[in-house]
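User: Please take a close look at one part of this model, and explain how that part fits into the rest of the chain.

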Amino acid sequence: MRLFAILMLSVGWMQANSQNELSGQVLDSVTRQPVPFANVYFSNTTIGTISNDKGEFVLRGFASGKYDLTISFVGYRTTQGTLTFPRTT
């Protein structure tokens with residue numbers, strides 16, 4: 001099975017509504033080619049999306065806290081990593 005490489009493009013906090021945003025690109029770890037239509041989600045939540053035809057994704061509007069980001073796609077090993085979005089004052 002192939003592995004994913006994840007290129008995080010930006011992690012930000014939107015002050016207007018105190019919500020976070022995470023965007024990035026899902027890549028094949030060997031070829032570095034985009035993986036279109038991969039599942040990208042925070043485990044044990046309803047927050048998720050699929051990558052577009054360029055492997056890009058955006059998750060928006062989630063509260064600060066600790067999340068397990070999961071990426072999955074048929075034929076690839078599921079990848080998971082923990083991210084923490086700090087509370088700002």
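The part I would like to understand is strand β6, the stretch of residues 65–72. Which strands pair with β6, and where does Ser72 lie, buried or exposed?

Analyst: This is a predicted model, in which local features need pLDDT of at least 70 and side-chain atom pairs count only at pLDDT 80 or more, while totals for chains, interfaces and linings use all residues. Residues are numbered from 1 along each chain as its sequence is written, and side-chain values use heavy atoms, with hydrogens and water left out.

The setting comes first. The chain has 0 helices and 7 strands, where helices (H or I, at least four residues) and strands (E, at least two) are DSSP runs numbered from the N terminus. Of its 89 residues, 33% count as buried, a word that stands for under 20% relative accessible area, with exposed meaning over 50% and partly exposed in between (1.4 Å probe, protein chains only). Among contacts between residues at least 6 apart in sequence, 47% join residues at least 24 apart, contact meaning heavy atoms within 4.5 Å.

Strand β6 belongs to an open sheet of 4 strands in the order β4-β3-β6-β7, with antiparallel pairing; two strands count as paired if DSSP finds at least two bridges between them. At the edges stand β4 (48–50) and β7, each with a single partner strand, so one side of each is left without a neighbour in the sheet. Neighbouring strands are turned by 20° against each other on average, direction ignored, the axes being lines fitted to C-alpha atoms, for helices over the stretch in contact, with angles that run from 0 to 180 degrees between N-to-C directions. Strands of a sheet pair through backbone hydrogen bonds, either parallel or antiparallel.

On one pairing of β6, 4 bridges join it to strand β3 (residues 39–42), antiparallel, and here Phe42 stands opposite Leu69. In its pairing with strand β7 (residues 79–85), 7 bridges join the two antiparallel strands, and Ile71 of β6 stands opposite Thr79. The hairpin of β6 and β7 has 6 residues between the strands, and in it Gly75 takes a positive phi near 90°. Further along the sheet, β3 is joined to β4 by 3 bridges, again antiparallel, with Tyr41 and Gly48 as bridge partners.

Strand β6 also takes part in the largest nonpolar core, which has 14 residues; such a core is a set of buried Ala, Val, Leu, Ile, Met, Phe, Trp, Tyr and Cys residues joined through side-chain atoms within 4.5 Å. The residues with the most contacts inside this core include Phe42 and Leu69, the pair that stands opposite each other across β3 and β6. Strands β2 (19–28), β3, β5 (56–62) and β6 each supply at least two residues of the core. Phe62, also among the residues with the most contacts there, is in contact with Phe42, Tyr67 and Phe85, among others outside its neighbours within four places in sequence.

As for Ser72, this residue of β6 is buried, because its relative accessible area is 14%. Ser72 and Ile50 are 22 residues apart in sequence, while their C-alpha atoms are 9.6 Å apart in space. Another serine, Ser43, lies in the loop between β3 and β4 and counts as buried because its relative accessibility is 18%. Leaving aside neighbours within four places in sequence, Ser43 is in contact with Asp68, Thr70 and Gln80.
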